[in-house]
Amino acid sequence: MPTSTLIRNSFAAAFRVVLVAVVALALSLVAVPPAQAAGGGPSITKKYFGTLSGGKKIDIYTLRNSNGMRVKILTYGGILQSIEVPDSRGRLADVALGFDKLSDYVKQSPYFGCITGRYANRIAKGRFTLDGKTYQLATNDGPNHLHGGNKGFDKRVWQAEPFRRHNSVGLALTYTSPNGEEHYPGTLRAKVVYTLTDDNQIRMDYRATTSRPTVVNLTNHTYFNLRGEGNGRILGHEMRINASHYTPVDKTLIPTGKIARLGGTPLDFREPTAIGDRINSKNQQIVRGGGYDHNYVLDSRGHGLDLAAKVVEPESGRVLEVITDQPGLQFYSGNFLDGTLRGTSGHLYPKRSGFALESQHFPDSPNHKNFPSTVLRPGDVYRTTTIYAFSTM
Ligand code: BGC
């Protein structure tokens with residue numbers, strides 16, 4: 001072959017390679033929303049996730065709705081391990097902080113995504129009196145009891161029952177906590193049903209019964225970053241909380257017992273405000289929390305399902321609404337994250353790179369007669385519902 005033809009041929013071949021590459025790149029840029037591309041109805045699948053040191057196997061369930069939104073749940077702690085939701089251009093990102101290894105959850109999780117119980121948040125000095133009898137629980141947070149003690153519901157293995165309906169898919173989790181576990185009275189039969197609906201909501205229905213009088217306060221402890229986990233801090237998220245009162249705390253984050261007005265304080269989120277705007281204020285309550293770590297007394301006061309909070313992330317356009325029938329909402333701005341934990345994305349989680357909105361009864365209620373009661377008696381059923389509703393601007 002003459003040299004000129006050879007050069008022409010190799011030039012043509014190179015041109016073809018470049019052309020194919022350009023077309024491939026262009027195709028990948030055409031926004032085919034993954035949601036639509038995937039198609040199909042809601043589905044749920046189960047995979048092995050890891051084994052606990054005692055030999056128990058932990059599964060991970062993947063729930064997928066008709067829009068392609070995907071939620072992963074562990075049988076360990078009932079943990080929402082990942083929540084993939086679209087941004088305003090249809091691109092999915094995982095908006096829940098988490099780990100991809102079971103050992104990380106066991107060793108060092110600051111309650112990422114878990115079911116928190118038997119008593120979410122704090123009980124002063126781990127002590128309460130019920131029907132004349134005083135119970136001493138573990139003190140696992142300075143002088144206080146936090147999130148159910150040394151081995152709370154976040155560290156238990158839950159029985160899982162998947163289900164599928166026309167417009168939703170879900171996982172029913174059950175756990176029986178024996179009488180005296182973590183020094184709480186009564187055998188508590190707990191059930192948490194997670195449902196992922198086709199309108200991008202995660203619904204959590206909690207139920208519990210007891211064999212003896214006890215106290216109970218369950219919640220979910222997901223840390224959100226609507227930019228995507230591992231993608232920076234949450235300070236630019238705009239927060240609105242439908243509460244005009246809160247329960248101020250002492251230095252150890254135990255409520256003083258007061259139900260105080262939010263008006264005029266940097267904790268007031270009745271108007272949408274960026275989380276970072278006032279987070280370094282010298283306000284004594286903010287200083288005590290190291291940022292936001294407070295129980296908001298919802299204006300709905302626990303009378304039926306109502307919008308408690310709405311969070312908008314302006315860059316991605318993702319929106320989260322928290323709807324609950326609970327009287328309180330703990331807004332925690334991830335102040336104790338310190339850049340040492342490496343999350344699912346492989347990125348470190350710096351301080352305030354996730355926030356939690358925990359629907360709940362007020363912290364330390366068993367020691368405050370003026371707070372709504374958290375006592376559960378045999379024959380009664382503890383029932384509560386909270387919804388994380390996702391949308392875009
Ligand atoms: C509490 C924080 C605590 C965090 C643990 C939140 O519910 O309010 O004070 O540090 O949980 O991850």
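The lining of the second largest pocket divides into 6 nonpolar, 6 polar and 1 charged residues. By this classing Ala, Val, Leu, Ile, Met, Phe, Trp, Tyr, Cys and Pro are nonpolar, Asp, Glu, Lys and Arg are charged, and the others, Gly among them, are polar. The model is predicted: local features need pLDDT of at least 70, side-chain atom pairs count only at pLDDT 80 or more, and totals for chains, interfaces and linings use all residues. Residues are numbered from 1 along each chain as its sequence is written, and side-chain values use heavy atoms, with hydrogens and water left out.

**Second largest pocket**

Select Ser365, Pro366, His368, Lys369 and Val375, which lie nearest the centre of this pocket among its 13 lining residues. Then add strand E8 (residues 127-130), which gives the most to the lining, with 3 residues. The space here is about 190 Å³. On a 1 Å grid over the protein atoms alone, a pocket is an open set of points with protein on both sides within 12 Å along at least five of seven lines, a cavity is a set where a 1.4 Å probe fits but cannot get out, and lining residues have an atom within 4 Å of a point. Points are joined across faces, edges and corners, and a volume is the space filled by probe spheres set on them. Strands (E, at least two residues) and helices (H or I, at least four) are DSSP runs numbered from the N terminus.

**Largest pocket**

Move to Pro110, Tyr111, Tyr223, Tyr332 and Phe336, the closest to the centre of the largest pocket out of 21 lining residues. Its volume is about 330 Å³, and its lining holds 9 nonpolar, 7 polar and 5 charged residues.

**Cavity**

The structure has 1 cavity of 30 Å³ or more, with about 40 Å³ of space. Select strand E21 (residues 293-298), which gives the most to the cavity lining, with 3 residues. Other choices from the lining include Asn121, Arg122, Thr247 and Gln330. By class, the cavity lining has 3 nonpolar, 5 polar and 2 charged residues.

**Strand E14 and its partners**

Next, show strand E14 (residues 201-210) with side chains. Ile202, Met204, Tyr206, Ala208 and Thr210 point to one face and are buried, while Gln201, Arg203, Asp205, Arg207 and Thr209 point to the other and are not. Buried means under 20% relative accessible area, exposed over 50%, and partly exposed in between (1.4 Å probe, protein chains only).

E14 is joined antiparallel to strand E13 (residues 188-197) by 9 bridges; two strands pair if DSSP finds at least two bridges between them. Arg189 stands opposite Thr209 in E14. The two strands form a hairpin with 3 residues between them, and Asn200 in the turn has a positive phi of about 60 degrees. Strand E27 (residues 382-392) also runs antiparallel to E14, with 8 bridges, and Tyr388 in E27 stands opposite Ile202.

**Sheet E1 to E5**

Now select the open antiparallel sheet of 5 strands, in the order E1-E2-E3-E4-E5. Strand E1 (43-51) and strand E5 (92-94) are at the edges with a single partner strand each, so one side of each has no neighbour in the sheet. Inside the sheet, 4 bridges join strand E3 (residues 70-74) to strand E4 (residues 80-86), and Arg70 has Glu84 in E4 as its bridge partner.

**Leu235**

Finish at Leu235, in the loop between strand E16 (219-220) and strand E17 (238-241). Leu235 counts as partly exposed because its relative accessibility is 27%. Leu235 and Arg352 are 117 residues apart in sequence, with 7.3 Å between their C-alpha atoms. Leaving out residues up to four places away in sequence, Leu235 touches Ala274, Ile275, Gly276, Ile279 and Arg352, where contact means heavy atoms within 4.5 Å.
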